[in-house]
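Thanks for coming. I will take one model and go through it piece by piece, with the structure on the screen.

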Amino acid sequence: MVTEYDTAAFDAAMEKNATLVVDFFADWCGPCRMLAPVMETLSEEFGDKARFVKINVDDNPELARRFSIMSIPCVMVFKNGALAGKNAGFIPKAAMQEFIENNL
C-alpha cells in the first residue's frame, strides 16, 4: 500500500533510516495518474522490503525544492537516510520494478 506523506512524516521516516520508495506527484499530472496503480502493485509485491510513499509536490513544495524535483512523476529510493536512486518520468511496471530492485 502506498501512503501519502507530508513533510513531517517524511522527515520522521528519514530519521528512522527507513527504506523508502517515494513517488513525487501532483493531482493534475497525467503521467503521475498513470504511475499510481503501478506503484500500488509494486508496493504489494515488494512487501516489507521498503515503505512506499507518495508526496504531493503542490502540498509539500519544500520537499520538492529540497530534492530539486524539476519534473514529475519522480521516484526516489532512500536507504538508511541517503538517496540510492532517482527516476524521473513515467516508465512501465517492469522497468520501475527493475529500478527499485537495483536500488534497494
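**Helices, sheet and a few odd angles**

Start with helix H4, which lies across E2, E3, E4 and E5 and runs at about 165° to E5. Before going further: this is a predicted model.

Stay with H4 for a moment. Which residues of H4 are buried? They are Met96, Phe99, Ile100 and Asn103. Looking down the axis of H4, these buried residues fall within an arc of 95°, so they line one face of the helix. Turn to the other side of H4 and you find Ala94 and Asn102, which are exposed. In this model, buried means under 20% relative accessible area and exposed means over 50%. What do the buried residues of H4 pack against? The list is E2, H2, E3, E4 and E5.

Now the sheet itself. It is an open sheet of five strands, in the order E1-E3-E2-E4-E5, and the pairing is mixed. Strand E1, residues 3-4, and strand E5, residues 82-88, stand at the edges with a single partner strand each, so one side of each has no neighbour in the sheet. E5 pairs with E4 in the antiparallel sense, over six bridges. If you want a place to look, find Val77, which stands opposite Gly85 in E5.

Next, helix H1. The buried residues in H1 are Thr7, Phe10, Ala13 and Met14. Around the axis they cover an arc of only 130°, which puts them on the same side of H1. Ala8 and Glu15, on the other side of H1, are exposed. What covers the buried residues of H1? The cover includes strand E2 (20-25), strand E3 (51-56), H3 and strand E4 (74-79).

Both ends of H1 deserve a comment. At the N-terminal end, Asp6 acts as a cap: one of its side-chain oxygens lies 3.3 Å from the backbone nitrogen of Ala8. After H1 comes Asn17, which has a positive phi, near 55°.

On to charged pairs. How many salt bridges does the structure hold? Two.

One of them joins Arg66 and Asp11, with the closest N and O atoms 2.7 Å apart. Arg66 belongs to helix H3, residues 61-66, and Asp11 to helix H1, residues 7-15, so this pair ties together parts that are 55 residues apart in sequence. Are the two partners buried, exposed or in between? Arg66 has 42% relative accessibility and counts as partly exposed. Asp11, at 24% relative accessible area, is also partly exposed.

The other salt bridge is between the side chains of Glu45 and Lys93, at 2.8 Å from N to O. This pair also links distant parts of the chain: Glu45 is in helix H2 (residues 30-46), Lys93 is in helix H4 (residues 93-103), and they are 48 residues apart. Glu45, at 43% relative accessibility, is partly exposed. Lys93 is partly exposed too, with a relative accessible area of 31%.

Last topic, the backbone angles. A reminder for anyone new to this: most residues other than glycine have a negative phi, and most peptide bonds are trans. With that in mind, here are the exceptions I want to show you.

Two of them sit in the loop between H3 and E4: Ser68 is placed there, and so is Pro73. Ser68 is not a glycine, yet its phi is positive, about 50°. As for the solvent side, Ser68 has a relative accessible area of 46% and is partly exposed. What is the peptide bond from Ile72 to Pro73, cis or trans? This bond is cis, with omega near 0°.

Then move along to the loop between E4 and E5, where Asn80 lies. Asn80 has a positive phi as well, near 50°, and it is a residue other than glycine. At 57% relative accessibility, Asn80 counts as exposed, because the cut-off for exposed is over 50%.

To recap, please take three things away. H4 lies across four strands that you can point to on the screen, E2, E3, E4 and E5. The structure holds two salt bridges. And when you check the backbone, look at the cis bond from Ile72 to Pro73. That is all from me.

Key:
Residues numbered from 1 in each chain as written. Predicted model: local features only at pLDDT ≥ 70, side-chain atom pairs only at ≥ 80, totals over all residues. Heavy atoms only, no water. Salt bridge = Lys/Arg side-chain N within 4 Å of Asp/Glu carboxyl O. Helix = DSSP H or I, 4+ residues; strand = E, 2+ residues; numbered from the N terminus. Buried < 20%, exposed > 50% of the residue type's maximum accessible area, 1.4 Å probe, protein only. Arc of directions from axis to C-beta. Contact = heavy atoms within 4.5 Å. Polar contact = N/O pair within 3.5 Å; in protein donor to acceptor, adjacent residues only side chain to side chain. Pairing = 2+ DSSP bridges. Axes fitted to C-alpha atoms, helices over the stretch in contact; angles between N-to-C directions.
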